[in-house]
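This report covers chain contacts, chain make-up and helix packing. The sequence and structure come first.

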Amino acid sequence: MRSLPTSRPWRIAFYLVALAALFLAPVYLQSSYSVRILVLVCLFGAASTGWNLIGGYANQISLGHTVFFGIGAYATVIFQGTLGLSPWLAIPTGIVLAVIVALLIGWPTFQLSGHYFALATLALLPVFHIIATYWEDLTGGSVGISVPILPSGLDTLQFDTPTPFFYIAAVLLVLVMILARWVRQSVLGLQLDAIRLNPQASTLAGVNQFRAKMKALVMSAAVVAVAGSLYGAFLQFMDPDTAFSWNTTLNLVLFAMVGGVRFWWGPALGALILIPFGEFASAQLTGNLAALGQLAYGVLLILLVLFQPRGIGGLFSIVWQKATGRKL
Amino acid sequence: MFNDALTTSKQHSARRVAWRVAAVGTALALTLTGCSSGGGDNSSGNGSKNVKVDEVRLGTILPLTGSTAQNGNNSLHGIELAVEQINAAGGIKSMGGAKIKLSTADATSDAAKAASAATQFLSKGEPPLAIVGAYASGLTITVARVTERAKVPLLSTGFADELTHQGYKYFFQLPPASSLMGAAQFNYAIDIAKDAGKSIDKVAIVYANNAYGESQAKALKAQADKAGKTVVLNEGYSPNITDAGPIVSKIVASKPDAIYSIAYVPDSVLLMRALKAQGSDVPIFGGTGGYITPDFVKALGDQVNDVFSITTSNPDGYGDIGAAYLKKYGEFMPQEAHDNAAAVYVFAQALEEHPTTDSTDLAKYLHEGKFDQGAAASMPGGFVDFDETGVNVNAKPVMVQWQNKSLIGVWPADIVKGKPVWPGQ
Amino acid sequence: MSAILRVQDLSQRFGGLHALKDVSFDIIDGEILGIIGPNGAGKSTLFNAIVGVVPPISGHVWFKDEDLVGVPPHEVMAKGVAKTSQSVQVFDEMSVLDNVAVAALLKNDSIKSAREAARGELEFWGLQSFADVIAQDLTLAQRSTLELARAMMLHPAVLLVDEVMAGLNEVEVDQMLDRMMQANRERGVTLIVIEHNMRALMRISHRILALDYGAVIALGEPAEVSKNQRVVDAYLGVE
Amino acid sequence: MDILNHVAQSVANGLLIGSVYALISVGLTLIFGVMNIVNFAHGEFLMVGMFGAYFASTAFGLDPLWIAPLIGIAGFLLGALVERTIIEPIIKAPQSAQIIATVGLGIILANGAAAIFGNNFLSVKTPYQGETFSLFGLHFAATFVYAAAYAVVMAVLLALFLNKTRFGKAMRATAQNRGAAQLLGIDPKRMYMVAFGLGVALVTLAGSVILPYTLVYPFIGQQYVLIMFTVVVLGGLGSIRGAIIAGLVVGVIQSLSTLLLPSELQNLPVFIVFFIALVLISGGVLSRVRNASVKLKRS
């Protein structure tokens with residue numbers, strides 16, 4: 001929904017409080033474990049916001065976006081591990097490669113609709129996993145590549161505590177959310193909304209569906225690739241299972257849907273809810289109860305869908321509408 | 001104080017370089033919360049001799065769900081059994097009978113989760129003195145990165161070679177690296193054949209193309225080339241195959257004298273059934289993994305007899321911990337359970353001989369000491385001895401063979417009791 | 001009176017069914033051409049073939065001496081041949097203003113200017129007071145008008161209107177007719193109108209084209225076509 | 001001659017495993033066809049069927065092939081229960097919500113099994129596990145032959161049910177056009193329960209049939225889910241006959257590709273064919289080959 005100009009000062013204050021809460025997190029969170037979880041929230045929140053540009057805004061449910069994530073992650077680890085170059089160089093490389101792949105897969109899959117599009121993109125994941133396992137001299141095969149321990153600093157992206165990396169990830173998340181908000185309220189945003197609501201009508205309204213979806217996919221691929229690159233720098237290790245994992249695919253989609261696909265802040269909210277819950281579940285219920293931790297995660301997903309198919313964001317927008325009488 | 005933070009962040013909006021905000025944040029942190037301990041660094045403990053505590057903390061991170069859940073849980077059973085035995089026998093006597101307090105975390109077969117779990121252990125109020133774990137090499141690598149920075153010893157039972165080449169000072173690997181395992185798997189087979197008057201000239205190498213399979217297969221191939229044997233087949237396959245027929249027809253077609261296979265449980269059973277279905281009687285030399293597990297013999301019954309496998313410790317030498325495991329869990333003690341139990345005994349003996357609550361100090365002693373208590377005694381050579389790169393110099397692979405459905409150590413003669421039986425003799 | 005659009009031997013086939021058989025006719029600039037024919041005569045198929053929503057298997061559609069066959073539908077809209085759909089197709093979760101603004105994006109490169117242009121179009125169609133209402137809350141008549149407004153926002157030279165009166169009461173039909181004639185008169189848009197409501201079609205059309213079993217059976221003045229025996233047979237069915 | 005023998009053997013193996021792929025996938029296409037829902041938990045239902053067969057066959061000492069129908073019936077009840085509780089509320093929800101719900105269901109089934117049955121690899125021992133049949137110089141593992149035979153029988157029974165019985169026709173009608181079927185007095189709610197129940201029955205029965213040649217552990221579902229989706233999409237979402245043909249095609253492609261490519265790349269051709277077929281059938285070629293694809297496009 002287009003966020004209509006509600007009372008601006010109220011909205012500015014809310015954003016500033018949120019920004020302050022985000023950037024001061026390491027201060028009031030003390031343990032580096034919680035800061036580390038926040039790094040994952042920022043990285044996967046950014047990646048899911050990237051996915052949402054095409055998945056949520058245009059309702060093109062892609063199950064293959066982890067391909068871009070894996071490309072970005074491998075770029076960093078290959079640059080820093082094998083070639084000994086700075087990870088910052090890997091980020092633009094990851095973006096370029098991801099955009100190329102996006103153009104290649106976008107062309108054939110955009111004619112498909114609904115389940116066909118989701119399943120076609122689903123097939124990309126195993127293809128890239130098999131290639132990454134087989135192409136040993138580039139990706140180190142399934143043994144993977146680990147980055148040697150380098151002196152800490154902004155240039156190597158290695159630090160003694162997760163806090164500095166958190167700030168980088170938080171800046172990425174903020175930038176990506178600004179992009180998502182800009183797209184939401186831009187010409188492209190309105191076109192994507194039209195495609196989502198009624199594809200035939202959008203064609204009759206003169207919208208070039210293919211070009212609009214391709215623009216969104218390219219932006220989405222770039223964002224997910226950057227998040228992947230930083231993830232590679234954060235883990236300092238990458239193998240095919242971590243780069244092209246089914247779990248990442250699910251997470252990109254779930255965070256957006258749980259948070260609310262129609263809001264530029266939805267995916268970040270979904271990540272903020274699900275990642276800590278997932279960590280908490282597997283931390284509390286370990287040992288022989290480990291399976292119960294994962295089971296709880298599954299139950300949470302079903303409850304969320306049964307009671308709020310439009311995601312938590314949908315819930316907020318209803319509450320907000322009742323409170324302020326305006327659409328969120 | 002809070003307003004300042006608000007005004008600062010208003011000027012420093014997101015566009016400024018994150019580093020500046022970090023500096024402001026950290027400065028505020030110090031003023032807001034006084035001098036907090038901060039970070040996971042716990043070198044603040046003391047290392048004096050007579051240390052009396054009521055418990056010593058040990059962490060373990062293992063894949064308890066997901067595709068390698070079985071190996072993760074076997075390892076956990078081994079660790080829990082060792083902790084139970086040590087605490088029952090009075091804990092760490094030199095530290096006033098301190099009991100070992102074990103905390104576990106599920107790495108869910110995901111490298112990032114493993115690293116998160118390690119960070120969680122090390123950032124809680126009282127971090128563990130040491131961590132045992134991670135079974136799979138991908139998980140172990142990410143955990144090692146966290147423990148290395150936090151100067152906390154990581155006792156690993158994985159085989160991955162890379163970890164011992166990184167110059168880590170807090171990484172200790174009990175079993176031999178996969179390159180050693182691959183070489184021994186090949187050479188022992190040649191010696192056993194010669195001992196039985198047979199010869200192996202054409203070899204087929206078949207491996208699951210995960211980290212463990214690939215690194216061990218590389219070593220096997222290198223050893224075969226060095227020994228001048230012809231490798232008639234060197235074939236990787238995806239670990240989650242649903243039908244081994246096609247791969248086995250390739251093996252049978254290549255007519256090898258010996259089959260070297262590196263596989264987990266599902267693919268090893270599928271391979272064995274397909275080999276039988278296609279009437280192959282070529283001797284099989286497994287590379288640990290699926291070949292030495294209780295599920296292997298439960299699934300195949302008598303068909304397991306005569307199958308060889310390399311492994312990291314001699315099963316018929318597991319003695320009383322082996323018996324205790326059988327009684328507690330109802331199946332013989334798998335290799336990963338034994339080696340993890342040995343790691344716990346090494347941890348306990350190190351504290352017994354060099355009591356400390358400082359992990360850096362413990363790490364130093366782990367490099368110096370020789371550990372032969374409990375399950376460590378049934379590691380090859382009777383004791384565990386880490387060099388400065390954390391490799392157990394005493395680790396020597398053992399070749400075992402299934403003889404009437406139980407695993408017997410058969411090679412090398414100097415450290416085993418059993419005798420190899422050449423298939424079909 | 002030059003032809004603005006020339007349909008030449010247009011044929012369409014779905015499996016064995018010949019939906020259109022070599023349909024040819026010219027549309028004169030500025031006229032309102034009514035299209036009649038029993039259900040299944042191929043009226044909507046003709047519209048979909050002209051704009052390329054379902055490309056024809058053979059034939060040509062000349063518009064400003066360019067053949068529209070093979071051109072993707074959204075480009076046909078951009079070139080100036082717009083169309084409404086048989087069942088009303090609007091963006092139901094969007095505001096009325098944004099529904100029209102989507103089409104305005106063709107000629108406006110910012111949301112603000114697109115919305116301003118859309119407000120102007122809504123005034124022409126009497127929908128300006130519903131600008132902020134969500135489309136799904138409109139009545140059927142309003143939704144049909146909205147779809148017309150959206151199509152007209154593309155400033156087309158030719159507008160294909162497919163049964164826009166369906167389901168409207170008498171008063172709504174007359175209002176719609178007045179606005180369409182006003183658009184034809186004041187904005188010079190050529191209209192091709194498919195309609196089952198004979199009274200409305202007779203009142204608005206300069207000429208009528210009759211289709212039956214995918215073929216043209218009559219083309220001419222409304223009065224003349226309505227007396228044409230083949231047309232009567234087509235509608236009343238011949239034993 | 002040797003090459004020809006290899007290819008023949010490989011095609012034969014492909015057809016055998018292909019018929020099993022058809023059996024495990026036909027339930028998924030039935031559910032999609034009637035309910036327009038892609039069930040991401042279908043792999044886990046296969047695993048549940050395998051566990052059911054394992055415990056039933058060890059308890060009664062019967063071969064999994066004999067108790068497969070029993071497992072199928074239990075699967076039907078489980079499917080109907082799951083449909084009533086989880087699937088029915090989201091039948092109208094956006095596709096994204098359907099994906100979450102079925103994924104969540106899969107996680108619950110897999111980890112529930114791990115919590116109850118533990119993580120060991122369980123398998124049954126049957127007399128024919130090592131046996132093979134040989135025909136014209138080719139040899140076939142008995143376990144696969146029996147599984148393939150079962151698949152053929154089930155395909156025939158399913159075809160009879162859908163074409164001949166009243167209920168089957170009503171289900172196909174609902175699949176073709178939900179609205180029209182409703183006008184004819186067919187209650188879609190009951191149809192969905194039966195369709196989902198039948199879909200789960202088919203896959204749990206398949207689990208019992210394939211148990212003899214493989215093993216079961218809680219996370220085995222993930223290994224089969226991609227193959228299932230490949231078969232269902234290649235056959236055309238919702239087309240039973242398509243899924244059966246596609247199952248055989250996928251089996252042969254997979255088997256032949258191990259001849260030409262290293263086994264590591266065994267599934268690569270399968271996924272590439274899957275991607276291309278998808279794009280051709282329902283994508284760009286649509287306007288030209290419309291009538292061929294009309295049967296496939298549900299909307």
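## Terms and model

Angles between helix axes under 35 degrees count as roughly parallel, over 145 as roughly antiparallel, 65 to 115 as roughly perpendicular and the rest as oblique. The structure discussed here is a predicted model.

## Packing of α3 and α14 in chain A

Two packed helices are described by the angle between their axes and the distance between the axes. For α3(A) and α14(A), the angle is about 140 degrees and the axes are 8 Å apart. The two helices α3(A) and α14(A) are therefore oblique to each other. Their crossing, α3(A) over α14(A), is right-handed.

On the α3(A) side, the residues in contact are A:I37, A:L40, A:V41, A:F44, A:G45, A:S48, A:T49 and A:N52. They meet A:G266, A:P267, A:A268, A:G270, A:A271, A:L272, A:I275, A:P276 and A:E279 of α14(A). Sorted by class, the contact of α3(A) with α14(A) holds ten nonpolar, six polar and one charged residues.

## Contact between chains A and B

Which two chains share the most contacts among the five pairs of chains that touch? They are chains A and B. Chain A puts 48 residues into this contact, and chain B puts in 46 residues.

On the side of chain A that touches chain B, the elements giving two or more residues are α1 (8–23), α2 (25–29), α3 (32–55), α8 (162–184), α12 (240–243), α14 (266–284) and α15 (290–307) of chain A. The most comes from α8(A), with seven residues. By class, the side of chain A that touches chain B has 25 nonpolar, 18 polar and five charged residues. The packed helices α3(A) and α14(A) are both among the elements that give two or more residues to this side.

## Chain B

Chain B contains 14 helices and twelve strands. Of its 425 residues, 60% are buried. Counting contacts in chain B with a separation of 6 or more, 66% are between residues 24 or more positions apart.

Chain B has no contact with chain C. The closest C-alpha atoms of chain B and chain C lie 25 Å apart.

## Chain C

In chain C there are nine helices and ten strands. Buried residues account for 46% of the 239 residues in chain C. Among contacts in chain C between residues at least 6 apart in sequence, those joining residues at least 24 apart make up 64%.

Along the principal axes, the C-alpha atoms of chain C fill a box of roughly 55 × 40 × 35 Å. The radius of gyration of chain C is 18 Å, which agrees with the value near 18 Å for a compact globule with 239 residues.

## Packing of α3 and α4 in chain C

Helix α3 (residues 96–104) of chain C packs with helix α4 (residues 111–124) of chain C at an angle of about 115 degrees, with axes 8 Å apart. That angle makes α3(C) roughly perpendicular to α4(C). The crossing of α3(C) and α4(C) is right-handed.

From α3(C), the contact is made by C:V96, C:L97, C:V100, C:A101 and C:A104. From α4(C), C:A114, C:R115, C:A117, C:A118, C:R119, C:E121 and C:L122 take part. By class, the contact of α3(C) with α4(C) has nine nonpolar, no polar and three charged residues.

Definitions and conventions:
Residues numbered from 1 in each chain as written. Chains lettered and ligands numbered in written order. Predicted model: local features only at pLDDT ≥ 70, side-chain atom pairs only at ≥ 80, totals over all residues. Contact = placed C-beta atoms within 7 Å. Helix = DSSP H or I, 4+ residues; strand = E, 2+ residues; numbered from the N terminus. Nonpolar A, V, L, I, M, F, W, Y, C, P; charged D, E, K, R; others polar. Buried ≥ 20, exposed ≤ 12 C-beta atoms within 10 Å, placed from the backbone. Rg over C-alpha atoms; globule rule 2.2 N^0.38 Å. Axes fitted to C-alpha atoms, helices over the stretch in contact; angles between N-to-C directions. Left-handed = near helix turned anticlockwise from the far one by under 90°.
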